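Let's take a walk through a protein structure together, starting with one small detail and working outward. Keep the picture beside you as you read.

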Amino acid sequence: MKTTRLTFAVLLALGMAGTAYAAPYVVTFNKDGGTGGTDSVTATLGSPMPAITLPTRTGYAFGGYFTAKNGSGNQYYTSSGASARNWDISTTQPFTLFAKWTANTYAVTLDRQGGTGGTGSVTATYGSKPPKITPPTRNGYTFHGYCSLPDGEGTLYYSEAGFPILAWDLTSSTTLYAKWSANNYWIEFDRQDGSGGTLKQVATFGKAMPDITLPTKTGCTFGGYFTLPGGGGTQYYTASGTSARDWDIAAETTLCAKWETTLSGALDNESLVFSAGGDLPWWGQTVWKRDGQDAAQSGAIADNQNSWLDTSVRGPGTITFWWNVSCESNDDVTRDYLEFLVGGEQVKKIGGTDLAWRKESIAVSGAGTHSLRWNYHKDGGYSEGYDCGWVDIVTWTPKVMTVTLDQQGGSDGTESVTAK
Ligand SMILES: [Ca+2]
Ligand SMILES: [Ca+2]
């Protein structure tokens, strides 16, 4: 009886030990933000972990299952779901393993959309704000950040100062697009002795100039607004006050009126008939002048071109005028020059950039009609100064001819007359 009880106790002990060795060790998985995959397994003490399917998490890579969060403790599963360690925890309670996740990184290209400089690309880590960037710059525009779509559309990821706004939430390499707005600039109008019309106007960079009302000036025709007086520099307004060009100066700017006068008015001679031609004609202007009012100026010709001013006189007599030039020249005045011709023959030429008005009085001999020409000529390359010629105050003085009347023995009556 005693033996029997002892045997039962041994058998009971052996049975209990056998039960403990084969116990179902339930291991559950804490996916820590992930979803899907195996929820739990039954492990066998001393054996590799049973195969599992992996959980997934947007923007993160699975790094295995561990006894503590974030990859701490002992690892029992690899990133591919294979056993990393034989099961060696003897517990009858369900045991929990924790998923390890590593945030993915993505290349982010910054499309400057016409801008220059600043950061060109960054590496963004999913779930975290991407690194600060240096903003790009663009002449005439203000930067407003980087967006997921062009033209300021989509989601704004960076501020105008280059600070990240959002934690990165895209799961592929991505291009962000600079958002720009065109700047506005005050334009002032220098009427160049004119009056009336628009005085100030706001222009938007890259846009057509807004319409203006025109100034007026007695005896003159408005010829548009330019960056320099006398139609120099760049033209931004037509003679009718409409845009001649999109605004492209990133600064407050003064534009100058161009005034045109008739050639006879500019040359102060209503008796002679003037005509102008060549590659571009002479014209009457009010900026460069000898008489304080106006003068004729040659057209803005290019290399190997001519601009001429013509009239004709009945000789003999003297042509008197003031002229001036600002051009590329050398000692022989053979590069660019302003010349005066009588009957197609060069009588005189001037060059250089001293901007001195010179007075000429040139005798035109011989009866009959003589053609007179002022011609601004340019050679094949280079320019200097204002690259044009001017003529002012043209007078024609016919030679006075005395006709003696020989009375051949008669008396009284007229003895002589003068003729022009
Ligand atoms: Ca004049
Ligand atoms: Ca030249």
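**A walk through the strands and domains**

Let's begin with two strands, β18 and β23, which run antiparallel and are joined by 2 bridges. If you'd like a pair of residues to look for, A296 has V391 as its bridge partner in β23. β18 itself covers residues 295–297, while β23 covers 388–398. Bear in mind as we go that this is a predicted model.

β23 has another partner too. It pairs with β19 in the antiparallel sense, this time over 9 bridges. Here you can look for G317, which stands opposite P398 in β23.

Now follow β19, which takes in residues 306–326. Which strand does β19 meet through 17 bridges? That is β22, residues 358–377, and the two run antiparallel. T318 is a handy marker, since T318 stands opposite A363 in β22. β22 also pairs with β20, residues 337–342, through 6 bridges, and again the strands run antiparallel. In that pairing, Y337 has H377 in β22 as its bridge partner.

While you're looking at β19, stop at P316, which is located in that strand. The peptide bond between G315 and P316 is cis, with omega at about -5°.

Next come two residues with a backbone angle to look at. N304 has a phi near 60°, a positive value in a residue other than glycine. You'll find N304 in the loop between β18 and β19. D387 also has a positive phi, about 60°, although D387 is not a glycine. D387 sits in the loop between β22 and β23.

Are these two residues buried or exposed? N304 counts as exposed because it has 11 C-beta neighbours inside 10 Å. D387, on the other hand, has 20 other C-beta atoms within 10 Å, so D387 is buried. The cut-offs behind this are simple: 12 or fewer neighbours makes a residue exposed, and 20 or more makes a residue buried.

Time to zoom out. The protein has 2 helices and 25 strands. The domain assignment divides it into domain 1 (3–103), domain 2 (105–182), domain 3 (184–261) and domain 4 (263–401). By those bounds, the strands we've just toured belong to domain 4.

What about the overall shape? Along the principal axes, the C-alpha atoms fill a box of roughly 200 × 45 × 25 Å. The radius of gyration is 47 Å, whereas a compact globule of 420 residues would have one near 22 Å. Buried residues make up 29% of the 420 residues. As for contacts between residues at least 6 apart in sequence, 60% of them join residues at least 24 apart.

Let's see how two of the domains meet. The centres of domain 2 and domain 3, taken over C-alpha atoms, are separated by 38 Å. Their contact takes 4 residues from domain 2 and 5 residues from domain 3. On the domain 2 side, the touching residues divide into 2 nonpolar, 2 polar and no charged.

Now for the inside. The largest nonpolar core has 49 residues, and the members that touch the most others are Y146, L176, Y225 and L255. Pick L176 and look around: leaving out residues up to four places away in sequence, L176 touches V108, L110, D111, Y146, C147, S148 and Y157. Apart from that core lies another, of 30 residues, with W282, A295, L309 and F340 among them.

Finally, visit two loops elsewhere in the chain. P48 is in the loop between β2 (40–43) and β3 (60–66). Because P48 has 14 C-beta neighbours inside 10 Å, P48 counts as partly exposed. Not counting residues up to four places away in sequence, P48 touches S83 and N86. How far is P48 from Y141 in space? The distance is 65 Å, C-alpha to C-alpha, with their positions 93 residues apart in sequence.

L199 is in the loop between β11 (184–190) and β12 (200–204). L199 has 13 C-beta neighbours inside 10 Å, so L199 also counts as partly exposed. From L199 to A276 is 77 residues along the chain, and their C-alpha atoms are separated by 33 Å.

Key. Residues are numbered from 1 along each chain as its sequence is written. Chains are lettered from A and ligands numbered from 1 in the order in which they are written. This is a predicted model: local features need pLDDT of at least 70, side-chain atom pairs count only at pLDDT 80 or more; totals for chains, interfaces and linings use all residues. Domain bounds come from an automatic or database domain assignment. Two residues are in contact if their C-beta atoms, placed from the backbone, lie within 7 Å. Ala, Val, Leu, Ile, Met, Phe, Trp, Tyr, Cys and Pro count as nonpolar, Asp, Glu, Lys and Arg as charged, and the others, Gly among them, as polar. Two strands pair if DSSP finds at least two bridges between them. Helices (H or I, at least four residues) and strands (E, at least two) are DSSP runs, numbered from the N terminus. The radius of gyration is taken over C-alpha atoms; the globule rule is 2.2 Å times the number of residues to the power 0.38. A nonpolar core is a set of buried Ala, Val, Leu, Ile, Met, Phe, Trp, Tyr and Cys residues joined through C-beta atoms within 7 Å.
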